[in-house]
Amino acid sequence: MRALAALAATLFVLAACGTSEPPDQPARSPQPGASGGGSGGGALGAAEEIATGIDVPWGLAFLSGGDALIAERDSGRILRVTGEGEPQPVYEVPGVAASGEGGLLGIAARGEWVYAYFTAADDNRIVRFRLGNESAPEVVFDGIAKAGFHNGGRIAFGPDGLLYVGTGDAGETGDSQDPASPNGKILRLTPEGEPAPGNPTAGSPVYSLGHRNVQGLAWDGDDRLFATEFGQNDLDEVNLIEAGRNYGWPEVEGEGDTDGGRFTNPLVTWATSDASPSGLAIAGDTLYVAALRGERLWTVPIEGDGLGTPAALLTNEYGRLRTVAVAPDGSLWLTTSNTDGRGDVRDGDDRILRFAAP
């Protein structure tokens with residue numbers, strides 16, 4: 001596995017936390033001390049329906065000209081969405097082995113390259129390719145363990161021009177605390193897939209550890225990285241991600257004992273029935289969190305060094321919400337995820353929605 005040899009040599013003294021949607025269960029009340037409910041900013045106007053009939057949309061990325069690329073998890077196709085006319089297939093990622101929560105997951109665009117995180121026959125991996133080029137995609141990072149669940153999959157380029165990758169524990173919870181494993185981590189890579197210079201441990205791709213299943217990454221105006229994480233049975237999380245920090249999984253779910261500072265607590269938590277947070281976007285001073293099981297869009301105000309009280313929008317209006325992103329024109333795009341095998345499919349699902357700039 002590329003870059004895993006560097007991992008194995010790492011002596012990375014840190015610890016853990018998590019993400020991936022739990023099986024459907026009866027609704028649960030918010031846990032004592034968990035954030036939830038409330039009212040606040042981040043309100044949206046009327047939704048514009050950009051596209052319908054999409055097969056399990058997962059990744060969403062914008063090209064420099066403003067067009068969007070949508071990744072279909074199960075088909076392996078990437079669709080180009082202009083906002084006018086039907087979405088057009090522009091690429092099919094070879095080797096996608098869709099099963100359970102696995103398949104074609106996150107995508108990102110940088111210059112002439114499109115990057116894709118997907119589940120292959122033997123692992124989760126990241127490739128890059130050029131649209132309109134018939135050459136085989138280039139593998140930039142592989143060897144991320146796969147499973148029917150907890151595959152992570154969100155990728156995004158940060159303000160520093162480096163590629164950040166949210167991975168899951170693939171059901172092996174101990175890997176989240178193992179610095180030699182890429183699972184249960186946020187990785188930080190060069191565009192070529194090498195461990196980024198300045199990572200907490202030289203030669204290691206690991207940026208933070210102790211995660212269960214990370215599917216949301218976004219930066220605020222001060223270039224601070226936030227991430228959403230699926231809890232197991234109790235609490236989902238929003239974390240402020242800092243280099244070398246350990247977010248506790250599997251030792252801690254939600255807020256808990258930091259073991260003398262070894263673990264870092266989340267800034268916001270919800271009961272898993274209210275969230276199962278996948279996508280994350282930041283517009284101005286507001287975090288937008290797309291909730292799958294919770295079937296709502298959470299807004300969370302940024303208040304200085306912390307986060308304020310979350311408020312829920314669109315509750316039960318569109319079903320399961322997977323990905324939220326800010327477009328180049330400042331509008332907010334949102335994808336549903338009702339055709340993923342866990343939702344109640346509505347006429348027109350799955351759809352892409354657009355809201356004017358918040």
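Student: How many residues of β16 are buried?
Tutor: This is a predicted model, in which local features need pLDDT of at least 70 and side-chain atom pairs count only at pLDDT 80 or more, while totals for chains, interfaces and linings use all residues. Residues are numbered from 1 along each chain as its sequence is written, and side-chain values use heavy atoms, with hydrogens and water left out. Strand β16 (a DSSP run of E, at least two residues, numbered from the N terminus) is largely enclosed by the rest of the structure, because its buried residues (under 20% relative accessible area, 1.4 Å probe, protein chains only) number seven of the seven.

Student: Which residues of β16 lie on the side opposite Asp236, Val238 and Leu240?
Tutor: Both faces of β16 are covered, and Asp236, Val238 and Leu240 are buried on one of them. The other face is buried too, and holds Leu235, Glu237, Asn239 and Ile241.

Student: Is asparagine 239 buried or exposed?
Tutor: Asparagine 239 belongs to β16, which spans residues 235–241. Its relative accessibility is 1%, so asparagine 239 counts as buried.

Student: With which side chain does the side chain of asparagine 239 make a polar contact?
Tutor: A polar contact is a pair of N or O atoms within 3.5 Å; within protein one must be able to donate a hydrogen and the other to accept it, and residues adjacent in sequence count only if both atoms are side-chain atoms. For asparagine 239 the contact is 2.9 Å, and the partner is glutamate 237.

Student: In β17, which residue stands opposite glutamate 237?
Tutor: β16 pairs (at least two DSSP bridges between strands) with β17, residues 268–271, in the antiparallel sense over four bridges. In that strand the residue opposite glutamate 237 is threonine 269.

Student: In β16, which residue is the bridge partner of leucine 225?
Tutor: Strand β15 covers residues 225–229 and is joined to β16 by five bridges in the antiparallel sense. These two strands form a hairpin, with five residues between them. Leucine 225 bridges to isoleucine 241.

Student: Which strands stand at the edges of the sheet β1-β25-β24-β23?
Tutor: The sheet is open, with four strands and antiparallel pairing. A strand with a single partner has one side left without a neighbour in the sheet, so the edges are β1 (48–51) and β23 (321–326).

Student: In β24, which residue is the bridge partner of alanine 325?
Tutor: β24 takes in residues 332–336 and runs antiparallel to β23, with five bridges joining them. Opposite alanine 325 the bridge partner is tryptophan 333.

Student: Which strands of the sheet β6-β7-β8-β9 have a single partner strand?
Tutor: This is an open sheet of four strands with antiparallel pairing. The strands at its edges each lack a neighbour on one side, because each has a single partner; they are β6 and β9 (138–144).

Student: In β7, which residue is the bridge partner of alanine 108?
Tutor: β7 spans residues 113–119, and five bridges join it to β6 in an antiparallel arrangement. Within β7, alanine 108 has as its partner tyrosine 115.

Student: How far apart in space are glycine 45 and phenylalanine 355?
Tutor: Glycine 45 sits in the loop between α1 (4–8; a helix is a DSSP run of H or I, at least four residues) and β1. With a relative accessible area of 52%, glycine 45 is exposed (over 50%; partly exposed lies between this and the buried limit). In sequence the two residues are 310 apart, whereas C-alpha to C-alpha the separation is 6.3 Å.
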